[in-house]
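Colleague: Could you take a close look at one part of this model for me? I would like to hear about the place where the two chains meet.

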2 protein chains.
Amino acid sequence: MASTAEDHGHVQSAGRMQAYSDAIFSIVATVMILPVAHTEIPEDKNLREVIFYQLLPKIFIYILSFFVVAISWSAHVWLFQIVQHADDVTTLLNLLIMMIITFLPFTFTLMGTFPDFVLAIVLFCVCIIVLSLAQALVVLHMFRNPQIMEESIKNSENKTAVRNALLLRALMNAILCTFAAVFSPASFVVSYAFLVMILFSPNIAVQLSKLISKFSSGSVQMSQEVIQRGKSYEMEVNKERVECYSDGVFAIVATLIILDICEKDIPSRAELKHKYKNDLVAALDHDSSVFLAYFGTFATVGLLWYIHHSLYHHLKRTSRLMAMFNNFSLAMIGGMPLAFKLTSMYDDTDFYNNERVAIQLSCVIMFLASISQLAIFVTALFRPDQDLIDSAKVGGRSHYYLLVKLLVYPTVSMIIYVISLTSDVLSVEAFHVAQLGTPALFFILWLIVIKIQRNVQEVPNPEEQSFQESVNNEEQRLLTVPVENMDC
Amino acid sequence: MASTAEDHGHVQSAGRMQAYSDAIFSIVATVMILPVAHTEIPEDKNLREVIFYQLLPKIFIYILSFFVVAISWSAHVWLFQIVQHADDVTTLLNLLIMMIITFLPFTFTLMGTFPDFVLAIVLFCVCIIVLSLAQALVVLHMFRNPQIMEESIKNSENKTAVRNALLLRALMNAILCTFAAVFSPASFVVSYAFLVMILFSPNIAVQLSKLISKFSSGSVQMSQEVIQRGKSYEMEVNKERVECYSDGVFAIVATLIILDICEKDIPSRAELKHKYKNDLVAALDHDSSVFLAYFGTFATVGLLWYIHHSLYHHLKRTSRLMAMFNNFSLAMIGGMPLAFKLTSMYDDTDFYNNERVAIQLSCVIMFLASISQLAIFVTALFRPDQDLIDSAKVGGRSHYYLLVKLLVYPTVSMIIYVISLTSDVLSVEAFHVAQLGTPALFFILWLIVIKIQRNVQEVPNPEEQSFQESVNNEEQRLLTVPVENMDC
């Protein structure tokens, strides 16, 4: 035993490996919007029809793939909660996992384009199988080198049982995909049924573990422990890693938009000479709506990040349900490049009112993204003691401020949507100016909160003078602020 | 004073804001390779000529812009080392900064395409000026709300002097850019001279601070403190944030490659029907070299991350010089999509030997990326006590293992380069197989190190039995391993 420990002089905390993996997962999930955003849309067609017949199937595949990547990511989080330290072999295996994850967009796009081809299904299955096997290897390696394990498993009484349960969990996807691949030449329905089961594979693995332990005599008590541990991992997702993953999505979305502008809206030297007679101002003026659209979209993405940031600052943990809402919200935010493309494409000279349809689609995306953030908070309010820090609970000092922040975007997007339905006034320019104006709304909100807090403070604590002390006591003291005064 | 402290009940650690900013900075820096990688290269032309006349100027602009973004990033790190806590206003201002940063690729590309147009220069200058002003606002806001400040500045004796020095540093770029914009209609040379000075603006600001304090009487002693602080911020870059930034670059590079494959190498349904008679295997077989190139490139990027990870695990801090080497290494890694594109484009039927030129270019990129990583380590070896943790110093337990790891890629790329010069044997397939085989090299290296460590351990510590104890004592004990045994 002692010698095994010494073999791994190069054991390091797994933190950076996780951060790197989170970045890759989030980027991979988000770039899947590009096949949707880059769909050729003829300018003289009815956008409503294009959305329903051309875009909606693609959007569906995008959301599906976003969730598959998100589920793979949470399996990864789960695995590396158990592997607490990373040695060289774990790091290399993790790189293999990352290689497959980065390849997933290809197999998705292939399956999305050719859902009725055996090869497309088999290729996807092979990827998932390799992924599973790599994860199983990580588990095996960990049990051979206990010094990289999490403490509670290291000290577990029946290591073999724990290991087998973990292996079953890791290999579950490989089993399902083998079936899917084998059945694909015979029946696509059966094949896809197996693939859909991947979404529930953690639950299936836990149920199977229970079943096995029931039939194998004498080991019931031990398996209880395994199930318990399995459950606790299922129940919540590491909060720091959710933040890391979300940051990745928010960061890449903004960059994807500017990328498109760089490639499409800068004329070549030849073009400038012949088309615009060397007048760069005229050439850029031609695209001026694009810049307004860009800054408007960035303001929205940035503020949604800001709300996300405020929300997660007040959360203690992320349950599975909250993680699901978060993933849906992120998937919608990943759709912003599509909204950007459509709103920067049309102006009010359009015959079909495509301009308004584009605005409406943007509003739907903004509404869904922000309402899912609100849903996270509402979910947390059901179990405030477990999920929320004190100041965010009902009656807490930040409760209403946070709630108002979370309500801004659902309200704003709903109002714009209703205006676009009822009147002709709304243009994409007005829409983008509204997007750009929203930060001011948050700034005013902040001024109001300060004003109220100052009024509240000046009454009960007039003797408070020392600055240093006030900073230290701030947290506890502000918690006692009466609720009725905070209700803005 | 007390009331100011209470205004900001919503003060939070700036950690997540920094991580988000790091992600945006790194992605923005890296996507600038796309205009280079997406250059149309006719297949029937001599690649050597294309590289020299078409690609090299673009590569130069890419590296320049990568460094400008990297310098903006380190200014950002510097600013948020002083702002230790983020309130709502700081977060919103940071979002404004991020908006400008994300817009930078556009102004760069514009300036790269039209270096002799006043508008292009002015637009770039306006961006940098807005950036500076936002940073100055952060500084002003911080001094009005001392509870978000770093302790040492909060307790500083002459806050006004510190503030003015910080403001000068933040506004330095705005001043330089104003001059550049004003002179741009008159003379491009003068204008670009001012822009180049941005690269040295921190130093200029420090010198200016000194000059001002010399002429303002009585405040010499105080300004000494400011200069001292300024210097310590200049001297090193926060290590965690360098890791975060580097991870972003490594993560986005892999995804950029798969993105290209998704867009170009999946046929449409119509294409499949007419061109390949519905034979998906044939359609994909047509692109099979692309997949080999993808996995080979990913293996290289992944392993360079792995070496970077090992290296930074052994560093205590990152000096300016080391940060510069790191940035250069990252800029080269950002060039991998170009290497991927070229090596996946040609096969051995080519008239001009373009295949070999593509391999040589890839080798140059790999060599420069890895030798810069080695340069970081060599720089650290000059001041081991300040820069390295004990085990990485000469004589330390990990010293040679790390050194060998750092030497693998410079050696491998040099060998391949020489082979490609002297013989016709090398094909892109062989090159990619070699790339894919390199992980095995690292695995063998790891096995050798384990073997040696085991041999070393078994002699001096035969009585060591307790597993738990061995883990705890591991670090100190292994440090005493004699050097001559470690030399593999």
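Modeller: Happy to! Between chain A and chain B, about 9,600 Å² of area is buried, and carbon and sulfur atoms give 70% of it. Do keep in mind that this is a predicted model. The size of an interface is often given as the accessible area lost when the parts come together. In terms of residues, chain A brings 102 to the contact and chain B brings 103.

Now for the polar side of the story. There are 4 salt bridges between chain A and chain B. One of them pairs A:Asp88 with B:Lys405, with 3.5 Å between the closest N and O atoms. Counting residue pairs in polar contact, with both residues at pLDDT 80 or more, gives 14 between the two chains. On the side of chain A that touches chain B, helix α5 of chain A (residues 88-113) supplies the largest share, 14 residues. Sorted by class, that side of chain A holds 62 nonpolar, 24 polar and 16 charged residues.

A pocket belongs in this picture too, with residues of both chains in its lining. It is the second largest pocket, with a volume of about 1,200 Å³. Its lining has 46 residues, and those closest to its centre are A:Gly15, A:Ala19, A:Cys244, B:Ala19 and B:Cys244. Helix α2 of chain A (residues 15-31) gives the largest share of this lining, 8 residues. By class, the lining of the second largest pocket splits into 12 nonpolar, 19 polar and 15 charged residues.

How values were computed
Residues numbered from 1 in each chain as written. Chains lettered and ligands numbered in written order. Predicted model: local features only at pLDDT ≥ 70, side-chain atom pairs only at ≥ 80, totals over all residues. Heavy atoms only, no water. Contact = heavy atoms within 4.5 Å. Buried area = accessible area lost by both parts, 1.4 Å probe. Salt bridge = Lys/Arg side-chain N within 4 Å of Asp/Glu carboxyl O. Polar contact = N/O pair within 3.5 Å; in protein donor to acceptor, adjacent residues only side chain to side chain. Helix = DSSP H or I, 4+ residues; strand = E, 2+ residues; numbered from the N terminus. Nonpolar A, V, L, I, M, F, W, Y, C, P; charged D, E, K, R; others polar. 1 Å grid on protein atoms, 1.4 Å probe; cavity = no way out; pocket = protein on both sides within 12 Å on 5 of 7 lines; lining within 4 Å. Points joined across faces, edges and corners; volume = space filled by probe spheres on them.
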